Amino acid sequence: MTAYREGRVTLAPSLGQRFESALLGFLPREFRMLALLLALTATVGLLIWRVADFVPLTAMVVPLVLANLVLGPRQLPWFVVVTLLTLAVLVPQQPDITPRIAVTVVILFGLGFIILLSSFRRSRLGVAGLRGESMLVDLRDRILRQGGIPELPTGWYAASELRSAGGTPFAGDFVVTARQGDRLDVAVVDVSGKGEGAGTRALLLSGALGGLLGALPPEEFLESANDFLMRQDWEEGFASAVHLSLDLASGAYAIRSAGHPPAALRVAGTGRWSVLEAEGPVLGLIDGSTYEAVVGTMRRGDAMLLYTDGMVETPHRDIMLGVDKMLGRAEQLLRGEFEGGAKRIIESIGSRNDDRALLLVHRR
């Protein structure tokens, strides 16, 4: 059957296509994929039954894998049960029950059991596999965006770099930034723990600290961050942080630290690095903590590094020896060229078994 419209010939939907469209239209969106996968399972089962010589039992893995990717936690367990029951019906229909078929059945039932376990764990999130993963990736990307350096006036350069323990996509170290007029605020934060375990806490904390950073005066930021962490019911409910508040017009800065490795300043006149020993308790341990500032002025040619302990700490070395080693390496890598310096430093030094974050600020 054909239909004519706007001078073109198009094929009209067949009766079967219209029936399928109407049927799926009556189903809620979350059940449409379930209906399609059940139809696929029935089709594969029919082919195995009728043409076993050409379609082996292993074909049942296709709907199982697809279901694990796209079905939500409410539909997935039922689908797996139906698929395994279908498999149990098909096995006696095989011409010969060979050891190969027995191994295939064991593998398919094992796969179904694993998928059932994953669906029960996934129910805590309440979304299907691919959507759940995309949500986590989106949250991770938000952390990275919050660490992005805002546009700076001529004469200033800044860059941040993050690396996670073992190369996992989630890290407990992060950077948040905010600019209001001529004031740039940056916080480099190290959440307790490593890798994905710390990464989940960093997801929450980065959003909270990112909001506080741009909304509060510099002297209140770490105190409010400490109050926020004190209210969290975390087993490892603490974090270290260093906060830089920088006047982009005059170069005046204030450094405040919460149990964090010291910031480092390179004075262009001498070419030497020195640490800025700001002191204060770790966030989330002592209620009502206060944080005193170390102040100074960045002049033309000066540079500053803020970093986490993954850059300088190892189990068998004092942290200040690690700081000296990092600053010596920075002097070699930054000589005459600060562009891309943060990436060069973080890739050449620091523990690959710990999360790492680094911020470089340079006044040209």
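**Exercise 1. Arg-364 and its partner**

Task: In this predicted model, decide whether Arg-364 is buried, partly exposed or exposed, and find which residue it meets in a salt bridge.

Solution:
- Step 1. Start with the surface. Arg-364 has a relative accessible area of 42%. Buried would need under 20% and exposed over 50%, so Arg-364 is partly exposed.
- Step 2. Now look for a partner. The side chain of Arg-364 meets that of Glu-339 in a salt bridge, with 2.6 Å from N to O. The cut-off is 4 Å, so this pair passes.
- Step 3. Place both residues along the chain. Glu-339 sits in the loop between helix 9 (319-333) and helix 10, while Arg-364 belongs to the segment after strand 12 (356-363). The pair therefore ties together parts that are 25 residues apart in sequence.
- Step 4. Check the partner's surface too. Glu-339 has a relative accessible area of 39%, so it is partly exposed.

**Exercise 2. A network around Arg-163**

Task: Work out which residues are linked with Arg-163 in a network of salt bridges.

Solution:
- Step 1. Take one partner at a time. Between Arg-163 and Glu-161, the closest N and O atoms are 3.0 Å apart.
- Step 2. Arg-163 also forms a salt bridge with Glu-347, where the closest N and O atoms are 3.2 Å apart. This pair links distant parts of the chain: Arg-163 is in strand 3 (residues 156-163) and Glu-347 in helix 10 (residues 341-348), 184 residues apart.
- Step 3. Put the pairs together: Glu-161, Arg-163 and Glu-347 form a linked network.
- Step 4. Add the surface values. Arg-163, at 22% relative accessibility, counts as partly exposed, and Glu-347, at 43%, is partly exposed as well.
- Step 5. For the wider picture, the salt bridge count comes to five.

**Exercise 3. Reading a sheet**

Task: Find the order of the strands in the five-strand open sheet, and say which strands stand at its edges.

Solution:
- Step 1. Read across the sheet. The order is 4-5-6-7-10, and the pairing is antiparallel.
- Step 2. Look at the two ends. Strand 4 (173-180) and strand 10 (294-297) each have a single partner strand, so one side of each is left without a neighbour in the sheet.
- Step 3. Check the twist. On average, neighbouring strands are turned by 15° against each other, direction ignored.
- Step 4. Zoom in on one pair. Strand 6 (residues 239-247) and strand 7 (residues 252-258) pair over six bridges; Val-242 has Ser-257 in strand 7 as its bridge partner.
- Step 5. Finish with the helix. Helix 8 (residues 218-230) packs on the sheet and touches strand 5 (183-191), strand 6 and strand 7. The direction of helix 8 makes about 160° with that of strand 6.

Key
Residues numbered from 1 in each chain as written. Predicted model: local features only at pLDDT ≥ 70, side-chain atom pairs only at ≥ 80, totals over all residues. Heavy atoms only, no water. Buried < 20%, exposed > 50% of the residue type's maximum accessible area, 1.4 Å probe, protein only. Helix = DSSP H or I, 4+ residues; strand = E, 2+ residues; numbered from the N terminus. Pairing = 2+ DSSP bridges. Axes fitted to C-alpha atoms, helices over the stretch in contact; angles between N-to-C directions. Contact = heavy atoms within 4.5 Å.
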